[in-house]
Amino acid sequence: MATRINPSILAADFANFESELSRIRSADLVHVDIMDNHFVPNLTFGLGMVERLQQVSSLPLDIHLMIDDPARWAPGYAEAGAFSVTFHAEATTEPVAVARRLRQIGARAGIALKPGTDITPYLELLPEFDQVLVMTVEPGFGGQSFMESTMPKLARLRTAVDQGGLDLWLQVDGGITAQTIEIAAAAGADTFVAGSSVFGAENPAAQIALLRERAGS
Ligand code: DX5
Ligand code: ZN
């Protein structure tokens with residue numbers, strides 16, 4: 001199974017994104033955390049920053065929207081050229097409509113679930129998505145500890161994806177290190193977001209290589 005390592009620039013130097021991007025060239029995608037201080041109690045950056053990152057990044061952008069009202073805001077990120085746009089299930093009553101709009105614009109559509117959100121109602125909707133993000137911390141901040149309690153949800157998703165023959169990436173985000181990545185890979189993840197463990201490393205390229213190896217690819 002192909003695996004992907006997506007460093008999160010939430011852990012990068014916000015004043016030097018261009019040079020920070022040059023430290024992670026060996027990664028697969030760049031994970032960009034958009035927070036609105038409503039859906040989560042933290043604020044990062046918005047569409048203008050993503051439009052600029054799109055111009056300077058050699059890697060595709062993996063946008064993680066931790067915001068209210070994704071129906072209103074998500075399409076703009078797809079129009080900016082993002083490779084994937086993932087919004088939270090808890091933030092909308094119309095996830096399928098948002099996903100269809102994203103795909104229509106040409107982005108991969110992702111749905112994210114907080115640690116306490118049940119996957120059951122979303123299983124029948126999986127063909128509408130290209131990616132499911134299982135949050136392995138409460139969204140809002142980098143540097144938190146991996147919650148192993150989310151692994152049964154991931155395993156259920158892996159079974160559903162394989163049994164349904166779906167072409168869908170299973171992403172984990174939060175507390176991913178050279179240790180916890182093995183646990184998430186064993187439970188069925190194939191796409192790994194890592195913030196502090198990559199940008200906090202002296203040699204991010206070596207850390208990305210280590211994460212790849214531990215994920216089994
Ligand atoms: C948290 C964000 C994560 C964060 C992960 O809400 O969605 O993407 O950057 O950071 P680490 O890897 O440090 O837990
Ligand atoms: Zn994220």
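**Entry 1: helices H6 and H7**

I began with the pair H6 and H7, whose axes come within 8 Å and cross at roughly 40°. That crossing makes H6 oblique to H7. I note that the model I am reading is a predicted one. For the contact itself I listed Met151, Leu154, Ala155 and Arg158 on the H6 side, which meet Ile183, Ala184 and Ala187 on the H7 side. Sorted by character, the residues of this contact come to six nonpolar, no polar and one charged.

**Entry 2: H6 by itself**

I then checked the length of H6, which runs over residues 151-164 and so has 14 residues; at 1.5 Å a residue it should span 20 Å, and I found its end C-alpha atoms 20 Å apart, in agreement with that expectation. Which residues of H6 are buried? I noted Lys153, Leu154 and Leu157 as buried. They cover an arc of only 95° around the axis, and therefore I place them on the same side of H6. On the other side of H6 I noted Pro152, Thr159, Asp162 and Gln163, which are exposed. When I looked for what covers the buried residues of H6, I found that the cover includes strand S6 (131-135), strand S7 (169-173) and helix H7 (180-187). Just after H6 I came to glycine 165, which takes a positive phi of about 60°.

**Entry 3: H7 by itself**

For H7 I recorded Thr180, Ile181, Ala184, Ala185 and Ala187 as the buried residues. Their arc around the axis is only 165°, which puts them on the same side of H7. As for their partners, I found these buried residues packing against H6, S7, strand S8 (191-194) and helix H9 (204-215). After H7 comes glycine 188, for which I noted a positive phi near 120°.

**Entry 4: two residues in H9**

I followed the chain on to H9 and looked up alanine 215, which has its place in that helix. Is alanine 215 buried or exposed? I count it as buried, because 22 other C-beta atoms lie within 10 Å. With its neighbours within four places in sequence left aside, I found alanine 215 in contact with Thr3, Ile181, Ala185 and Phe192; Ile181 and Ala185 I had already entered among the buried residues of H7. I also looked up its separation from phenylalanine 14, which lies 201 residues away along the chain, and the two C-alpha atoms are separated by 28 Å.

Alanine 209 also lies in helix H9, but I enter it as partly exposed, because it has 13 C-beta neighbours inside 10 Å. Alanine 209 and isoleucine 5 are 204 residues apart in sequence, yet I read 9.1 Å between them in space, C-alpha to C-alpha.

**Entry 5: arginine 4 in S1**

I next looked up arginine 4, which is found in strand S1 (residues 4-7). I class arginine 4 as partly exposed, because 18 other C-beta atoms lie within 10 Å. Which residues does arginine 4 touch, not counting residues up to four places away in sequence? I found Asp28, Leu29, Asp190, Thr191 and Phe192. The C-alpha atoms of arginine 4 and arginine 212 are separated by 7.7 Å, although the two residues are 208 residues apart along the chain.

**Entry 6: histidine 88 in S4**

Histidine 88 I found in strand S4 (residues 84-88), and I enter it as buried, because it has 24 other C-beta atoms within 10 Å. Apart from its neighbours within four places in sequence, histidine 88 is in contact with Phe39, Leu65, Met66 and Ala112. I read a C-alpha separation of 7.7 Å between histidine 88 and isoleucine 67, which are 21 residues apart along the chain.

**Entry 7: positive phi in residues other than glycine**

Last, I looked up two loop residues for their backbone angles. Asparagine 37 has a positive phi of about 65°, although it is not a glycine, and I found it in the loop between strand S2 (30-35) and helix H2 (47-56). I count asparagine 37 as partly exposed, because it has 13 C-beta neighbours inside 10 Å. Aspartate 69 has a phi near 55°, which I note as a positive value in a residue other than glycine; its place is in the loop between strand S3 (61-66) and helix H3 (70-79). With 15 C-beta neighbours inside 10 Å, aspartate 69 too is entered as partly exposed.

How values were computed: Residues are numbered from 1 along each chain as its sequence is written. Chains are lettered from A and ligands numbered from 1 in the order in which they are written. This is a predicted model: local features need pLDDT of at least 70, side-chain atom pairs count only at pLDDT 80 or more; totals for chains, interfaces and linings use all residues. Helices (H or I, at least four residues) and strands (E, at least two) are DSSP runs, numbered from the N terminus. The expected span of a helix is 1.5 Å times one less than its number of residues. A residue is buried if 20 or more other C-beta atoms lie within 10 Å of its own, exposed if 12 or fewer, and partly exposed in between; C-beta atoms are placed from the backbone. The arc is that of the directions from the helix axis to the C-beta atoms. Two residues are in contact if their C-beta atoms, placed from the backbone, lie within 7 Å. Axes are lines fitted to C-alpha atoms, for helices over the stretch in contact, and angles run from 0 to 180 degrees between N-to-C directions. Angles under 35 degrees count as roughly parallel, over 145 as roughly antiparallel, 65 to 115 as roughly perpendicular and the rest as oblique. Ala, Val, Leu, Ile, Met, Phe, Trp, Tyr, Cys and Pro count as nonpolar, Asp, Glu, Lys and Arg as charged, and the others, Gly among them, as polar.
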